[in-house]
Amino acid sequence: MDRKYRYGLALGILMLLGTILSSLLWNKLDPTIVTIAITVGIILIASVLIRLIKYRDLPEKDERTIKISNVALSYSWFLTLIFISVLFWVDYLDVVKMTVAEVIGAIYFVMIALALVFVRYFSWKGDVE
């Protein structure tokens, strides 16, 4: 196991167990903070385990994957900017009223989803031209 995986796994376990222990010992903790910390700990543990299972002895990055990731992220940014423009016009024309949290959440979702879709597409295609 690589050093960065060990650190990520240790951080996730410490965060998870530390939050559970502190919430049991100190009853005045905000439940929202406890929930967020437990979720972050679980996500850290899960992401390390998924990477370990996925890559095992293979390199995580090579020239092809870096090139695909760069192009996919640039496409994602471009389409996200178009989505932000659409959101502006939807708000300006009073089609839908959204709060700031809803807009930021929608932008995050669209940006991440598009990046994953483009990475998957270019990986399936083989390479970026």
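**Entry 1: the residue after α3**

I looked up what follows helix α3 and found D94, whose phi is positive, near 55 degrees. The model is a predicted one, and I read every entry below in that light. I noted that D94 has this positive phi although it is not a glycine. I then placed D94 in the loop between α3 and α4.

I asked next whether D94 is buried or exposed. D94 counts as exposed because its relative accessibility is 53%, and the cut-off for that class is over 50%.

**Entry 2: salt bridges around D94**

I searched the whole structure for salt bridges and recorded 2. In general, side chains of opposite charge can pair when their charged atoms come close. I found that the side chains of D94 and K97 meet in a salt bridge, at 3.1 Å from N to O. The side chain of K97 also meets that of D91 in a salt bridge, here at 3.6 Å from N to O.

I checked the accessibility of the partners. K97 is exposed, since its relative accessible area is 61%. D91 has 38% relative accessibility and therefore counts as partly exposed. Through shared partners, the salt bridges join D91, D94 and K97 into one network.

**Entry 3: helix α3**

I turned back to helix α3, which covers residues 63–92. I asked how far apart the end C-alpha atoms of α3 are. They are 44 Å apart, and this agrees with the expected span, because 30 residues at 1.5 Å a residue should span 44 Å.

I listed the buried residues of α3 as I68, V71, A72, S76, T80 and L87. I then asked which helix the buried residues of α3 pack against. They pack against α4.

I took S76 as an example from this helix. S76 has a relative accessible area of 1%, so S76 is buried, the limit for burial being under 20%. Leaving aside neighbours within four places in sequence, I found S76 in contact with M111, L114, A115 and F118.

**Entry 4: aromatic rings**

I counted the aromatic pairs in the structure and recorded 8. One of them joins Y121 and W124, with 6.3 Å from centre to centre and 40 degrees between the planes, and this pair is tilted.

I asked why Y121 and W124 are separated by about one helical turn. The reason is that they are 3 residues apart in helix α4, which covers residues 100–125. As a general rule, an α-helix has 3.6 residues a turn, so residues three or four places apart point the same way.

I compared the exposure classes of the two residues. Y121 is partly exposed because its relative accessible area is 39%. W124 has 70% relative accessibility and so counts as exposed. I also noted that ring pairs link Y75, F118, Y121, F122 and W124 into a cluster. F118, a member of this cluster, is also among the contacts of S76.

**Entry 5: helix α1**

I looked up helix α1, residues 3–25, and checked its length. Its 23 residues at 1.5 Å a residue should span 33 Å, and its end C-alpha atoms are 32 Å apart, so the two values agree.

I recorded Y5, G8, L9, G12, L16 and T19 as buried in α1. L17, also in α1, has 52% relative accessibility and therefore counts as exposed.

I asked which residues make the nonpolar surface patch of about 760 Å². They are I13, L17, I20, L21, L24, L25 and W26.

**Entry 6: A37 in helix α2**

My last residue was A37, which is found in helix α2, residues 31–55. With 13% relative accessibility, A37 counts as buried, so A37 falls under the 20% limit.

I asked what A37 touches when residues up to four places away in sequence are not counted. A37 touches M15 and T19. T19 had already appeared in my list of buried residues of α1.

I also noted the separation of A37 and S23. These two residues are 14 residues apart in sequence, and their C-alpha atoms are 11 Å apart in space.

Notes:
Residues are numbered from 1 along each chain as its sequence is written. This is a predicted model: local features need pLDDT of at least 70, side-chain atom pairs count only at pLDDT 80 or more; totals for chains, interfaces and linings use all residues. Side-chain values use heavy atoms; hydrogens and water are left out. Patches are made of residues with over 30% relative accessible area and no salt bridge: like charges are joined within 9 Å, nonpolar side chains (Val, Leu, Ile, Met, Phe, Trp, Tyr) within 5 Å. Accessible areas come from the Shrake-Rupley method with a 1.4 Å probe; for residues, only the protein chains shown count as cover. A salt bridge is a side-chain nitrogen of Lys or Arg within 4 Å of a carboxyl oxygen of Asp or Glu. Helices (H or I, at least four residues) and strands (E, at least two) are DSSP runs, numbered from the N terminus. Buried means under 20% relative accessible area, exposed over 50%, partly exposed in between (1.4 Å probe, protein chains only). The expected span of a helix is 1.5 Å times one less than its number of residues. Rings of Phe, Tyr and Trp (its six-membered ring) pair if their centres lie within 6.5 Å; planes under 30 degrees apart count as stacked, over 60 as edge-to-face and the rest as tilted. Contact means heavy atoms within 4.5 Å.
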